[in-house]
Amino acid sequence: MKSYGFSTKSIHVGQEPDSTTGAIITPIFATSTFVQESPGKHKGYEYSRSGNPTRAALEKCIAALEEGVAGFAFSSGLAAESVVVDLLPSGSHIIATNDLYGGTFRLFEQVKKSGNQLEVSYVDLTDPGVIERNIKPNTKMIWVESPTNPLLKIIDLQKIAALAAKYKLISVCDNTFATPYLQKPLLLGFDLVVHSATKYLNGHSDIIAGLVIAKQEELAAKVKFLQNSEGAILSPFDSFLLLRGLKTLALRMRAHCQNAQMIAEFLAQHPKVEKVLYPGLPGNPDHLIAKAQMAAFGGMITFFVKGGAAETLKFLENTHLFSLAESLGGVESLLEVPALMTHASIPKEIRERNGIDDNLVRLSVGIEDVEDLIQDLDHALQAV
Ligand code: P1T
C-alpha cells in the first residue's frame, strides 16, 4: 500500500475485513493458542506470544506508517527499548542524547549497565560532530530522541544516520514525540524506530504500549526473536485499542500542532513566563532544522515560569483544564514538572547541568478548543 496516503494507510493497512465474518474492524483474538491440524501444520499462528492476529494487524499498520519492513508491539515503551538494547553484545557502548526520557536513562544506568555491561555516553547531539569525538572501539549504537524529552531539542536525523552508517553503528530513533505523521526516521537513514505508543499513537491515555519498527529484514528478524524470547508482548485487547487510535493519528496531530503553536506564541509574550522552548517559534535555536525535518512542530511545549519552585507550584495548582499528570500525547491537555516527576530518576546535578530546573514546566497540549486552553493557562499564571 506504499502509494496510499498516511491516513488511508492508518485506517486500512493490516485491517482487511475479517475473512470468516466480514467484520469491518479487526476482531480481538482473545486466545492463547491455535489448533494445529498436524504438528507445524496451522493457519499461520501457533501461540499468542509468538504471534496473534490482532497484534499482527497493528504491527503491519505501524510498519507501513513508519515505512519499515516490520513492526513489533510490546507491553510498554520501556519493554520495547529493553529489547533494542539486548540486540547488542555484552560490553557494548551507546552514544545517546543527553536530554532523554528519565525512564530510558534509568533503564540504561540501573538495569543494562550491570545486566549487559552496557556503557553509555550522554552527549548533545544537536552537534553531530560529538559522535566522532565520543566513538570508541566498542561503540555499537546511537540513540536519539527528537524532539527530546523534555527540552524539545531537534537533532539533525539525516546527519546522525549518515555518521552511524559510516561507523557501522545501529541507529535508533525514539519517535514518540514526533510520530510518523511529523517525521519518518527510517526514510532519513535510521535502522530502528522505537515508540512509547502509550502517547500520541494511541492518543487516548487508556493503555501502556511500545513499538519497534525496523528498516531492514536482518534487524527485524533479531527483534522478532527477542520479542518472542523475552515475552513482553502487547495483549490483543491493547493491540485493538492502539489500532483504533492510529486511525485518527493524522487528524489528532494536526490539531495538537495547531493548538501548541498558538499556545507557545501566547506564552512567549506572557509577563509571568521566563522563556518558552518550542521548535515552532522563529526565535528557537532549532527552528530551521525542525522546519526542514518535520511536517509541523509537535504538541509539546516546555517553558520556565518566572521565579522559582514556589511560583511554579502556584501555577500548577491553579490550572483546571490542564491536569497535573505524567505522560503525554492524549486528546486531553496535561502538564508536569520534569524535575519532580518524569525525570526525577536522573541525578539532580545531571538534571541541572542539562537545564532541567524546578521552574521548568512541560505541557502536553491536547485537542480541546484552544481559546479554553489559553484562558486556563492565563488564569493560572495570574495566580503566580
Ligand atoms: O511509559 P512507556 O510506554 O514505557 O514509555 C517510555 C517512554 C519512552 N520514550 C519516551 C520519549 C517517553 O516519553 C516515554 C515515557 N514518557 C513519559 C511517561 C513522560 O511523561 O515523559
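**Exercise 1. The ligand shell**

Find the helix that contributes the largest share of the shell around the ligand, then describe the shell and its polar contacts.

*Solution.*

Step 1. Helix H3, residues 77–85, gives the largest share of the shell, with 3 residues. Helices (H or I, at least four residues) and strands (E, at least two) are DSSP runs, numbered from the N terminus.

Step 2. Check the ground rules. This is a predicted model, in which local features need pLDDT of at least 70 and side-chain atom pairs count only at pLDDT 80 or more, while totals for chains, interfaces and linings use all residues. Residues are numbered from 1 along each chain as its sequence is written, and side-chain values use heavy atoms, with hydrogens and water left out.

Step 3. List the neighbours. There are 20 residues around the ligand, and Asp174, Thr198, Lys199, Ser327 and Arg362 come nearest. A residue is near a molecule or strand if one of its heavy atoms lies within 4 Å of it.

Step 4. Sort the shell by class. It holds 6 nonpolar, 8 polar and 6 charged residues. Here Ala, Val, Leu, Ile, Met, Phe, Trp, Tyr, Cys and Pro count as nonpolar, Asp, Glu, Lys and Arg as charged, and the others, Gly among them, as polar.

Step 5. Look for polar contacts (pairs of N or O atoms within 3.5 Å; within protein, one must be able to donate a hydrogen and the other to accept it, and residues adjacent in sequence count only if both atoms are side-chain atoms). Glu81 places a polar side-chain atom 3.5 Å from a ligand nitrogen. Leu78 has a polar backbone atom 3.0 Å from a ligand oxygen. In Ser196, a side-chain N or O atom is 2.9 Å from an oxygen atom of the ligand.

Step 6. Quantify the cover. On its own, the ligand has 480 Å² of accessible area, and the protein covers 93% of that. Accessible areas come from the Shrake-Rupley method with a 1.4 Å probe; for residues, only the protein chains shown count as cover.

**Exercise 2. Around strand E4**

Work out how E4 pairs with E2 and E5, and whether its residues are mostly buried or exposed.

*Solution.*

Step 1. Start with burial. In E4, 6 of the 7 residues are buried, so the strand is largely enclosed by the rest of the structure. Buried means under 20% relative accessible area, exposed over 50%, partly exposed in between (1.4 Å probe, protein chains only).

Step 2. Take the E2 side. E2 and E4 pair in the parallel sense over 4 bridges. Two strands pair if DSSP finds at least two bridges between them. His93 stands opposite Thr139 of E4.

Step 3. Take the E5 side. E4 and E5 are also parallel, with 5 bridges. Met141 faces Ile170 of E5.

Step 4. Trace the crossover. E4, H6 and E5 form a right-handed β-α-β unit. A crossover is right-handed if, with the strands pointing away from the viewer, the path from the first strand over the helix to the second runs clockwise.

Step 5. Repeat for E2 and E3. Strand E2 (residues 93–97) runs parallel to strand E3 (residues 119–123), joined by 5 bridges. Ile94 stands opposite Val120 in E3. With helix H4 (residues 102–115), E2 and E3 make a right-handed β-α-β unit.

**Exercise 3. Backbone checks**

Find which peptide bonds lead into Pro147 and Pro150, and what phi Lys168 and Thr179 take.

*Solution.*

Step 1. Read omega. Ser146 to Pro147 is a cis bond, with omega near -5°. Asn149 to Pro150 is cis as well, with omega near 10°.

Step 2. Place the prolines. Pro147 sits in the loop between strand E4 (139–145) and helix H6 (157–166). Pro150 lies in the loop between E4 and H6.

Step 3. Read phi. Lys168, which is not a glycine, has a positive phi near 55°. Thr179, also not a glycine, has a positive phi of about 70°.

Step 4. Compare the settings. Lys168 is in the loop between H6 and strand E5 (170–174), and it is exposed at 75% relative accessible area. Thr179 is in helix H7 (residues 179–182) and is buried at 0%.

**Exercise 4. The open sheet**

Give the strand order of the five-strand sheet and name its edges.

*Solution.*

Step 1. The order is E8-E9-E12-E11-E10, in an open sheet of 5 strands with mixed pairing.

Step 2. The edges are strand E8 (273–277) and strand E10 (323–324), each pairing on one side only.

Step 3. E10 pairs with strand E11 (residues 334–336) in the parallel sense, over 2 bridges. Leu324 stands opposite Leu335 in E11.
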